[in-house]
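Got the viewer open? Load the model, switch to cartoon, and keep the selection box handy; we'll go stop by stop.

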Amino acid sequence: MVPTTAPSRRPARSGALLVVLAAALWGSTGTAQAKGPAGVDSLAVGGTRIALGAVGLAVVAGLRGELRAVRSVPRGPLVLGAVGIAVYQLCFFAAVRRAGVAVGTVVGIGSAPVFAGVLGWWQRGEAIRRRWVVATALALAGGTVLVTASGGDGRAVSTVGVILALGAGASYAVYALASKQALDRLPPATSMAVLFGGGALLLAPLVLTRPLAPLVSVRGVAMVAHLGLVTVTVAYLLYAAGLRTVPLGASATLSLAEPATATVLATLVLGEHLGAAQWAGLGLVGAGLALLAIGDA
């Protein structure tokens with residue numbers, strides 16, 4: 001159970017900002033993959049991404065003198081988090097390939113607040129606040145509009161892609177819970193390094209069976225470097241620092257900055273066209289984030 005003493009609003013707000021910044025970096029994941037080499041395998045991308053990210057986190061932990069804390073790693077959260085991270089990679093990258101960057105990201109992260117809110121209440125006794133409910137409802141409504149409204153290209157939404165994205169949302173909530181539990185006992189960089197290192201080890205046997213040649217091209221190396229060092233190492237240092245003062249459900253809602261960022265990048269960088277209704281949905285997501293971020297998370 002979490003302590004009954006509520007954190008001050010200032011730390012909660014600063015923590016919320018850190019989570020939003022992390023989510024904005026995550027929002028570049030789908031676009032980076034789309035700009036990578038053609039025919040790249042989704043599992044190979046996901047596995048190499050978290051492996052490189054884990055190395056980056058371990059280096060930061062070493063520079064901070066935090067690696068000694070590895071001896072006190074709680075095994076339960078380690079296993080739970082590693083499994084959640086591995087499953088997320090499998091589901092998310094496959095969803096992006098099948099459903100598109102915007103839809104895959106919106107459904108994946110858009111479903112996570114509900115899963116995370118329930119897990120936070122069930123496992124940590126976190127209150128389900130009215131502000132969170134309203135903010136999440138706004139953000140989910142916006143995500144629903146983004147997914148169901150007809151875009152400018154009139155493409156149908158892939159059902160399999162949406163199901164995979166929902167799997168990503170559920171696994172995201174699981175490893176967010178594990179991260180919260182690990183942060184109760186470990187410094188941020190060490191917590192994230194251990195969790196992502198475990199996820200990379202779980203995926204390694206599968207990744208090594210996939211075609212890796214496209215990843216050693218110039219575009220492949222650039223893509224993996226961005227995915228690993230920016231969207232994992234840097235982003236999860238920010239996320240871990242913010243998660244310490246932000247409840248689990250609220251952190252997942254704030255993470256909806258990811259699909260908002262992904263939608264903008266997909267439009268500006270990839271040329272994916274969104275209709276007026278989808279832009280309205282994006283506005284609802286923004287309103288939900290703003291409501292949560294300016295209040296007591």
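Accessible areas here come from the Shrake-Rupley method with a 1.4 Å probe. On that basis the protein chain exposes about 12500 Å², with carbon and sulfur atoms supplying 68% of it. Keep in mind that this is a predicted model.

**The whole chain**

Start with everything selected and coloured by secondary structure. You'll count 13 helices and zero strands. Of the 297 residues in the protein chain, 53% are buried. Among contacts with a separation of 6 or more, 92% are between residues 24 or more positions apart.

Now recolour by pLDDT. The average for the protein chain is 81, and 89% of the residues score at least 70. Select α10 for the highest confidence, at 93, then helix α5 (residues 101–110) for the lowest, at a mean of 72. Next pick residues 1–11: pLDDT stays under 50 there, and the model has ten contacts beyond four places in sequence for this stretch.

**The big core**

Show side chains for Trp26, Tyr172, Phe196, Tyr236 and Tyr239. These have the most contacts inside the largest nonpolar core, which has 65 residues. Which helix gives the most to this core? Select residues 218–243: that's helix α10, with ten residues in the core. Apart from this core lies another, of five residues, including Ala95, Ala99, Val103 and Ala165.

Centre on Tyr239 and look beyond its neighbours within four places in sequence. Tyr239 is in contact with Val19, Ala22, Trp26, Tyr172, Ala176 and Ser251.

**The aromatic cluster**

Keep the sticks on and add a few more rings. Trp26, Tyr88, Tyr172, Tyr175, Phe196, Tyr236 and Tyr239 form one aromatic cluster. The count of aromatic pairs in the model comes to ten. Zoom in on one of these, Tyr88 with Tyr172: the centres are 6.4 Å apart and the planes sit at 55 degrees, a tilted pair. The two rings come from distant parts of the chain, Tyr88 from helix α4 (residues 75–99) and Tyr172 from helix α8 (residues 159–183), 84 residues apart.

Are these two tyrosines buried or exposed? Tyr88 counts as buried because its relative accessibility is 5%, and Tyr172 counts as buried at 1%.

**Ser255, a polar stop**

Stay on Tyr172 and select Ser255. Its side chain makes a polar contact with the side chain of Tyr172, at 2.6 Å. Ser255 sits in the loop between α11 (248–254) and α12 (257–268). With 0% relative accessibility, Ser255 counts as buried. Which residues does Ser255 touch, not counting those up to four places away in sequence? Val19, Ala23, Trp26, Ile109 and Tyr172.

**Asp41, ahead of a helix**

Jump to Asp41, in the loop between α2 (29–34) and α3 (42–63). Turn on backbone atoms and check two distances. A polar atom of the Asp41 side chain lies 3.1 Å from the backbone nitrogen of Leu43, and the Asp41 side chain reaches the backbone nitrogen of Ala44 at 3.0 Å. Asp41 has a relative accessible area of 12%, so Asp41 is buried. Leaving aside neighbours within four places in sequence, Asp41 is in contact with Arg210 and Pro211.

**Out to Ile163**

Go back to helix α8 and pick Ile163. Buried or exposed? Ile163 counts as exposed, because its relative accessibility is 55% and the cut-off for exposed is over 50%. Draw a C-alpha to C-alpha line from Ile163 to Gly108: the two are 55 residues apart in sequence and 8.9 Å apart in space.

**Last stop: Leu284**

Finish in helix α13 (residues 276–294), with Leu284 selected. Leu284 is partly exposed, with a relative accessible area of 29%. Measure its C-alpha to that of Leu138 and you should get 5.6 Å, although the two are 146 residues apart along the chain. Not counting residues up to four places away in sequence, Leu284 touches Leu138, Ala139, Ala141 and Gly142.

Definitions and conventions
Residues are numbered from 1 along each chain as its sequence is written. This is a predicted model: local features need pLDDT of at least 70, side-chain atom pairs count only at pLDDT 80 or more; totals for chains, interfaces and linings use all residues. Side-chain values use heavy atoms; hydrogens and water are left out. A nonpolar core is a set of buried Ala, Val, Leu, Ile, Met, Phe, Trp, Tyr and Cys residues joined through side-chain atoms within 4.5 Å. Buried means under 20% relative accessible area, exposed over 50%, partly exposed in between (1.4 Å probe, protein chains only). Helices (H or I, at least four residues) and strands (E, at least two) are DSSP runs, numbered from the N terminus. Contact means heavy atoms within 4.5 Å. A polar contact is a pair of N or O atoms within 3.5 Å; within protein, one must be able to donate a hydrogen and the other to accept it, and residues adjacent in sequence count only if both atoms are side-chain atoms. Rings of Phe, Tyr and Trp (its six-membered ring) pair if their centres lie within 6.5 Å; planes under 30 degrees apart count as stacked, over 60 as edge-to-face and the rest as tilted. pLDDT is the predictor's confidence in each residue, from 0 to 100.
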